[in-house]
Amino acid sequence: MSAPRRRLAAVRRFAGSRSAVVGAVGLGALVLVAVLAPIVAPFDPAAQGGEPLLGPSGAHLLGTDQLGRDIVSRMIHGARGSLIVAAGAALVGAGVGVPLGLVAGYLGRWADTIAMRVVDLLLAVPGILLALVIIAVLGPGRVNLILAIGIGAVPEFARLTRVATLEVRERDFVLAAKGMGASTADTMARTVLPNVLGPIMVQFVITASTAVVVEAGLSFLGLGTPPPAPSWGGMLQDARSYLYQSPTYGLFPGICLAATVFFLERIGRGLQLAVGGGGSRAGVRGVGRGAV
Amino acid sequence: MVRDDVAHSGTMPVRPALSVRNLVVEFATPAGVVRAVDGMSYEVYCGETLSVVGETGSGKSVSVLAALGLLQTANLRRVSGEVVLDGVDLLTLPQVELRRRLGRDVAMIFQDAISALNPVQRVGDQIAEGLRVHDRALTADAARERVVELLEMVGVPHPRARYDQYPHQFSGGMCQRVMIAMAIANRPKVLIADEPTTALDVSVQAQILDVLRLAREETGAGVVLITHDLGVVAETADRVAVTYGGRIVETGDVTSIFTRPRHPYTAALMRSLPRLDSTAERLLPIPGQPPDLSEIPPGCAFAPRCPTSRGREVCVQTRPELRADDAGNGASACHFPDEVAAPGAPPPSTESAEPSSGEAAGPSSGEAAVPDAEVPDAEVPDAEVPVLEVGDAVSRFPVRSGVFARASAWVHAVDGVSLRIPPGGTLGLVGESGCGKTTLARLVLRLVDASGGRILVEGDDVGRASRSGLRRIRRRAQMVFQDPNGSLNPRLTVGDNVAEPLRLQRLPRARRREEVRELFSRVGLREEHLDRFPAEFSGGQRQRVAIARALASRPRLLILDEPVSALDVSVQAQVLNLLADLQEESGMAYLFVSHDLSVVRQVADQVAVMYLGKIVESGPVARVYDDPRHPYTRSLLASVPVPDPVGRETRRRVPLGGDVPSPVDPPSGCRFRTRCPIAVARCAEEEPVLREVAGGHTACHFADESGRVSV
């Protein structure tokens, strides 16, 4: 029913910032490569048989690993894992954190107290440790990895949503919705939520970029994507052992990781600028981990 | 001092204190370059008050801020022209030089005095700082003495003790007095007051305008008073400059501006004002919307709304320049200045020709008043169930303090109020800020829970209603809020905003769309705009959207909480007329909450005056306005500035002293006694009850002795 002119304006603002466009194009390319991995990759990522630990050459653009597998192909397939984990973890974090923050902020009183104490509990444990514990309990695997990283991201989403909700709650249009006879759930979902979405979107991207790094870290520790499935973090870990024999082995997965985080960061910045003028003034930077 | 002599001798000095010439201010926005000020020129002489009057976005505030180099937004693109103070062009001065002059030669008084003061610094020290920055030789003791003197002058009681207090210990009115003291501390040549009384209540506004007058006499400064309030202009200005679309469209001395306006905008603005002394059958709004400054038309900016232009070619093609009239006491930027006051102009111009006459509205006002006088009692239509009946409603909030946030005291925002509104009636609820009128309005929909009393909407008890019962009641009684920016969901299109109540009633999507179209046409909005977002509309249009939304569930009662106070005068009249039409069409009842006595007189048939949570006087409009028996009502009416400069010297204005006492600890007996001019010992002991007096209700011991009440 709505021709989203306002949204268009936000898109224009987003497109107007160069860094955001760089991020979007870069991430787009990555996603494309990941989706088309079986087509773009020159070799089967699991196929062994080449000479191990080759440097870059015509046949193997970036060389081969310790089992003679093509590094380019493994990186292309590894992008899938990294991106799925990033998006999945951010979705889990937002999916749990946003409703929690919304309820806490809007209902206040005991709901607020309970929700925020749960969040405090999560915050008391460092994120990587939390992920370690969760994986130790659930066992390794991609889904568990997503859950582990996602749960660690819940507090940030919950706090951010709560702060934004506290501000929006006092606005007249929320009172107006109540005055129209809207139920509490309806008011929260239809009136409050859209007005706190701006900063949440930014947080979503930031969480995704953190998840890429954490996933790599966990893979590096051997708790991430289980072999033989390729993942950037796993490759880094393998490369560590052969740092002297084949220095380029670890270089490229590292560059890919950094680039992905960089692209997501840029998108986050762009989003922040684009939605900044919207419904809520609560900025992302306003609620760090230390905020009460 | 020389400038005092000039001011007191009354002769026109040769050189103006401040002269602004051909000022242009431009901003870069996503929509293009906005020329907020488009070649403004004005000058102010020592000892006189020049009032720059105009609506929102007409460039009046921006022009002075830019002139003093106080505009520092990132998107400021250009400030050009000349701002001559004491023979020096301020725009060419380096920052350091400019800063030396600010506060010494020219000082500003801002609208929001409370936030203009530093909250963590003692009030006296803030003024002293201003003194010592410009006079290094001044000792701390001497500065203190001077500050106490200044505070005394602007009417701050106990200045010696108040010196050491912080801004939060001062009321809004007192803060504005402090601001004035700060501004005149260095005896500036020019005082610029930007909407100095807009944030204040009428009774306090009258006090501040007096202080401002005193400050001018004391310093001999030229005062530039920026305001949107024609009443304030008429009370205080010597000369007037009217701004529209970033330009000055008319200048002249205050009397000729008000009696013989030579620009159609000025004339139209005055016609659209609701009046305190009479009720017009209909207000005469200016049609259309203020111009969009990013695309100013080549011709006259007012042409699309102008009654005098009548689509003439020259108005649309050529921009009229400001030309002095033959008599030499004013200038008008209109191609046809002589036609403006002419009685033959399309809108009935009886009012514009002689805005001061009480019979301006003609026989219509008489007609409107008669039925009111004949039905003095709300009890007459007893057969009908009143749309709203409030019985002894109480609402109190705890004041929490201490570690355990225990309620240490209670604020009685609403303390035993009873009222009733018959179907199709309009009750105007007036009072100053903090009197509890908004809380009362919110009680009706149980947006705030009542602490006691009974509220019936069409016979249904709001307080006892179940969840679904309450939802049904909230459909029959709808609310329109003061600020249309805040009351519309910014993430929904206006069409979806209006459809919200229908969606909540589970109307199918197609039906919703249809209904919304109809509602749009009823409130005078264009259907094509259905899919736009609220931010794309002006304040007046947004308020129409809010009204359309309130109408969607076909309510029997509309609660209007200051529905026009955020709007410009010309648009305000449009909305008030719309409300009148809607009521006539549908027979809705209105609870109209406002601080503006003139607006309430225009719309209401019954009025209730609130003070500190209680109704002190109520009755038909004619009774309350023409024969007020409560001293509070009287003072309130006397405080409202009259938009008519004729006879302002002789007009008897008795500003109400002091501020509204804290509702946490209201005075014993009669709550008004601390500010009442006729209070006696009995008032402190015995609380007056609201009783029937002369066809209305008044809560005053001396309501019968109308002679004594006349202050």
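**Exercise 1. Find A:Gly222 in the loop between α9 and α10 (232–241) of chain A, then decide whether A:Gly222 is buried or exposed.**

Step 1. This is a predicted model, so please read every value here as computed.

Step 2. Go to the loop that joins α9 and α10 of chain A; A:Gly222 sits there.

Step 3. Look at the surroundings: 12 other C-beta atoms lie within 10 Å of A:Gly222. A residue is exposed if 12 or fewer such atoms are found. Therefore A:Gly222 is exposed.

Step 4. For a landmark, try A:Gln237: A:Gly222 and A:Gln237 are 15 residues apart in sequence, and their C-alpha atoms are 8.0 Å apart in space.

**Exercise 2. Do the same for B:Val660: is B:Val660 buried or exposed?**

Step 1. Locate B:Val660 in the loop between α26 (631–639) and α27 (681–685) of chain B.

Step 2. B:Val660 has 23 C-beta neighbours inside 10 Å, and 20 or more make a residue buried. B:Val660 therefore counts as buried.

Step 3. Next, list its partners. Setting aside neighbours within four places in sequence, B:Val660 is in contact with B:Glu432, B:Gly434 and B:Leu612.

Step 4. Finally, jump along the chain to B:Asp112. B:Val660 and B:Asp112 are 548 residues apart along the chain, and 18 Å separates their C-alpha atoms.

**Exercise 3. Describe the make-up of chain A, and say how α4(A) and α9(A) pack.**

Step 1. Count the elements: chain A has 11 helices and zero strands.

Step 2. Check burial and contacts. Of the 292 residues of chain A, 48% count as buried. Among contacts in chain A between residues at least 6 apart in sequence, 71% join residues at least 24 apart.

Step 3. Now pick out helix α9 (residues 184–220) of chain A. The angle between α4(A) and α9(A) is about 145°, and their axes are 8 Å apart. Their crossing is right-handed.

Step 4. See who takes part. The contact includes A:Ala86, A:Gly93 and A:Leu102 from α4(A), and A:Met188, A:Phe204 and A:Glu215 from α9(A). By class, its residues divide into 17 nonpolar, three polar and one charged.

**Exercise 4. Which residues have the most contacts inside the largest nonpolar core?**

Step 1. The largest nonpolar core has 275 residues, and B:Leu191, B:Val444 and B:Leu591 have the most contacts inside it.

Step 2. Ask which helix gives the most to this core: helix α4 (residues 71–107) of chain A does, with 17 residues.

Step 3. Zoom in on B:Leu591. Not counting residues up to four places away in sequence, B:Leu591 touches several residues, including B:Leu388, B:Ile421, B:Val444 and B:Leu560.

**Exercise 5. Follow α20(B), both beside α22(B) and where chain B touches chain A.**

Step 1. Helix α20 (residues 494–504) and helix α22 (residues 539–551) of chain B pack at about 25°, with their axes 7 Å apart. Angles under 35 degrees count as roughly parallel, so α20(B) is roughly parallel to α22(B).

Step 2. The crossing of α20(B) past α22(B) is right-handed. Among the residues in this contact are B:Val494 and B:Pro501 of α20(B), and B:Val545 and B:Arg549 of α22(B).

Step 3. Turn to the contact between the chains, which takes 25 residues from chain B and 21 residues from chain A. The largest share of the chain B side, five residues, comes from α20(B).

Step 4. Sort that side by class: 10 residues are nonpolar, six polar and nine charged.

How values were computed: Residues are numbered from 1 along each chain as its sequence is written. Chains are lettered from A and ligands numbered from 1 in the order in which they are written. This is a predicted model: local features need pLDDT of at least 70, side-chain atom pairs count only at pLDDT 80 or more; totals for chains, interfaces and linings use all residues. Axes are lines fitted to C-alpha atoms, for helices over the stretch in contact, and angles run from 0 to 180 degrees between N-to-C directions. Helices (H or I, at least four residues) and strands (E, at least two) are DSSP runs, numbered from the N terminus. Angles under 35 degrees count as roughly parallel, over 145 as roughly antiparallel, 65 to 115 as roughly perpendicular and the rest as oblique. A crossing is left-handed if the near helix is turned anticlockwise from the far one by less than a right angle, and right-handed if clockwise. Two residues are in contact if their C-beta atoms, placed from the backbone, lie within 7 Å. A nonpolar core is a set of buried Ala, Val, Leu, Ile, Met, Phe, Trp, Tyr and Cys residues joined through C-beta atoms within 7 Å. Ala, Val, Leu, Ile, Met, Phe, Trp, Tyr, Cys and Pro count as nonpolar, Asp, Glu, Lys and Arg as charged, and the others, Gly among them, as polar.
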